[in-house]
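Colleague: Before I use any of the labels on this entry, I would like to hear what each one rests on. Please show the structure and then take my questions.

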Amino acid sequence: MSSAPTSTSPASNFIRTIIDNDLASGKHRAIQTRFPPEPNGYLHVGHAKSICLNFGLAADYHGLCNLRFDDTNPEKESQEYALAIQEDVRWLGFEWSGEVRWASDYFDALYAFAVELIQKGLAYVDDLSPEKMREYRGTLTQAGKNSPSRERTVAANLDLFARMKGGEFADGAMVLRAKIDMSSSNMNLRDPAIYRIRRAHHIRTGDKWCIYPMYDYTHCISDALEGITHSICTLEFEDHRPLYDWVLDNITIPCHPRQYEFSRLELHYTITSKRKLLQLVNEQKVTGWDDPRMPTISGMRRRGYTAAGIREFAKRVGVAKSENSVDMAIMEGAIREDLELRAPRVMAIINPLKVTITNFDGALTREADFHPNLPELGKREVAFASELFIEADDFAEVPPAGWKRLTLGGEIRLRHSYVMRCDEAVKDADGKIIELKCSIDHATLGKNPEGRKVKGVIHFLSCAHALPAEIRLYDRLFTVAQPDADKDGDFCKYLNADSLQVVQGWVEAAVKDAAPETHYQFERLGYFVTDRRDHQAGGKLVFNRTVTLKDSWTKEQA
RNA sequence: UGGGGAGUCGCCAAGUGGUAAGGCAACGGGUUUUGAUCCCGUCAUUCGUAGGUUCGAUCCCUACCUCCUCAGCCA
């Protein structure tokens, strides 16, 4: 399950153009990228795009890609998240260079560089309250004004910073700020805070530190220490690039990586904000981070999306700088394409209607391939008996125009079996059809009837041989394409109440011992996967619907 | 009203002074014991708008319009 479904040459994009130029000019002999998540949540489809980009670039250009945790805000971070992230990256099919890196590995170096900035008069300790600082910062259209602390002497700053580190001051009492320009039109350059005091237990450094460096200050230095050549992030960091460069230009460090930004991914009918995904989990709108409706990597995995399918999706959406909101159809197309190539076919019934074969005597079973084009996937015996289940949707007493399925007096092909005619529909007191009496043409096993053509093929199961299974039918999580378009509105009001439907259905006995995370195509219904958590091989069978098959018939009806 | 970005087919996305790639979707047809797959075909005289430069502009210039983004001691 590891090779990509198609391997066309990678599409051109602006980052590749930059790398091509850097390599051609000799600026770099090889590239080094990095994927730098904060371990404060599970990875989602947007991260998957970034992972495919960073690791993919490294692979294509024979470079390296690091996995680095941006663990500079201990209050939000956990070991659970860090572990889950590593598993997700590996599952997606990527291997990072060397050991996992942590920004916290650089805390000592970061502290030393901060001292250097202070010594150069480029950083100062400020005891303005957060409220005051906001006031001094000015607005988008008005310049800020200098803090009274800005002219503190180097010696005083050195002393204060050391005491900040030493734990002499309360959380929030003061910060270390870069001394840049309070009147800059770029807000990030108005003396940004680069260290704050926070007594929080850090997942790796424990209680060693009570001051923590900020993202803007940490990220560029981490990149430089790791020899990153191309530091790729999303567009909202574009305004931070001058600060990224300012820090590296003002400390003694030999390496100066360059930051490039691409637009973040938006997917129709879902959300890709960690904060909002966390809210869905906390408020139990979903069962957890790996709920199959979640756009998290673990959720998509549990849903049955394959790593190769997600990689193909990333390739199809490309990398650019324009805002985009991608159709779910692109994801579903990529997933179907991958599954089409590998998923064994079996029959399953979601909504059974009983069929009694009135001329069963002498009928035979037949062997069928698990995949029409992949004989190596093997065969199994398709049971046939006098009592069958067919999909209730496959019978219509008064069929619409164009109907190719079963109807009174009509005949269809039972998949891998006989041609069958419906002779009678048995109804209950309410007029509801509860059973069909049908007869088969004994001469049609494995061959077409003479003198007439049978238009439809439907799937079925022998009642006596079928196994009960819990089938979870998933639909989009939200009812609108862009649930968080309205920034102030509550995106939860667009939650799709019917995003999960659990039914008790029936499956072929051939899947009885399937391990968790086994993919199948239920013929004519869709791709399904055995649930990672709840399915038990040989025991309780639980299938998640990954995606339906393309269906030009219901589309035509609509 | 300040700064930084972006506007090419329904959704993505190449291209870049020489006359609009590709994918997805859609549509038409063929094959088919999955209304699936597969195969064949169709799908932007036009690149936000208006001017200008040029033999020639999506690409260069000017103005305008629209959208995104920035005022955390988050990342």
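Modeller: What follows goes through a salt bridge, the contacts to the RNA, a pocket and a cavity; the model is predicted.

Colleague: Why is the pair Arg-301 and Glu-87 called a salt bridge?

Modeller: The rule asks for a side-chain nitrogen of Lys or Arg within 4 Å of a carboxyl oxygen of Asp or Glu. In this pair the closest N and O atoms are 3.1 Å apart, so the pair meets the cut-off of 4 Å. By the same rule the count comes to 53 salt bridges.

Colleague: What makes the pair a tie between parts that are apart in sequence?

Modeller: Arg-301 belongs to helix H10 and Glu-87 to helix H3, residues 79-91, so the parts that they tie together are 214 residues apart in sequence.

Colleague: How do you know that Lys-555 has a polar contact with RNA strand B?

Modeller: A polar contact needs a pair of N or O atoms within 3.5 Å. A polar side-chain atom of Lys-555 is 2.6 Å from a phosphate oxygen of the strand, so the pair qualifies. Lys-555 is also among the residues that come nearest to RNA strand B, together with Asp-239, Arg-345, Arg-415 and Gln-521, out of 69 around the strand.

Colleague: Which contacts reach bases of RNA strand B?

Modeller: Among them is one from Gly-446, whose backbone N or O atom lies 2.8 Å from a base oxygen. Another involves Ser-185, with a polar backbone atom 3.3 Å from a base nitrogen. Both distances fall within 3.5 Å, so both are polar contacts. Of the strand's atoms within 4 Å of the protein, 64% belong to sugar or phosphate and the rest to bases.

Colleague: Which element gives the most to the surface near RNA strand B?

Modeller: That is H5, with four residues. Elements that each supply at least two residues include strand S6 (193-197), helix H11 (307-317) and strand S16 (411-414). By class, this surface has 24 nonpolar, 20 polar and 25 charged residues.

Colleague: How do you know where the second largest pocket lies with respect to the domains?

Modeller: Domain 1 (14-101 + 217-330) and domain 3 (351-459) both contribute residues to its lining, so the pocket lies between them. The lining has 50 residues, and Leu-525, Thr-548, Leu-549, Asp-551 and Thr-554 lie nearest the centre. H12 provides the largest share, five residues. The volume of this pocket is about 1400 Å³. Its lining divides into 21 nonpolar, eleven polar and 18 charged residues.

Colleague: Why is the space lined by Tyr-215 and His-240, among others, called a cavity?

Modeller: The word is used for a set of points where a 1.4 Å probe fits but cannot get out, whereas a pocket is an open set. The search of the whole structure finds one cavity of 30 Å³ or more, and the largest cavity has a volume of about 40 Å³. Besides Tyr-215 and His-240, its lining consists of Asp-216, His-219, Cys-220, Tyr-244 and Gln-259. Helix H7, residues 215-225, gives the most to this lining, with four residues. By class the lining has three nonpolar, three polar and one charged.

Key:
Residues are numbered from 1 along each chain as its sequence is written. Chains are lettered from A and ligands numbered from 1 in the order in which they are written. This is a predicted model: local features need pLDDT of at least 70, side-chain atom pairs count only at pLDDT 80 or more; totals for chains, interfaces and linings use all residues. Side-chain values use heavy atoms; hydrogens and water are left out. On a 1 Å grid over the protein atoms alone, a cavity is a set of points where a 1.4 Å probe fits but cannot get out, and a pocket is an open set with protein on both sides within 12 Å along at least five of seven lines; lining residues have an atom within 4 Å of a point. Grid points are joined across faces, edges and corners, and a volume is the space filled by probe spheres set on the points. Ala, Val, Leu, Ile, Met, Phe, Trp, Tyr, Cys and Pro count as nonpolar, Asp, Glu, Lys and Arg as charged, and the others, Gly among them, as polar. Domain bounds come from an automatic or database domain assignment. A residue is near a molecule or strand if one of its heavy atoms lies within 4 Å of it. A polar contact is a pair of N or O atoms within 3.5 Å; within protein, one must be able to donate a hydrogen and the other to accept it, and residues adjacent in sequence count only if both atoms are side-chain atoms.
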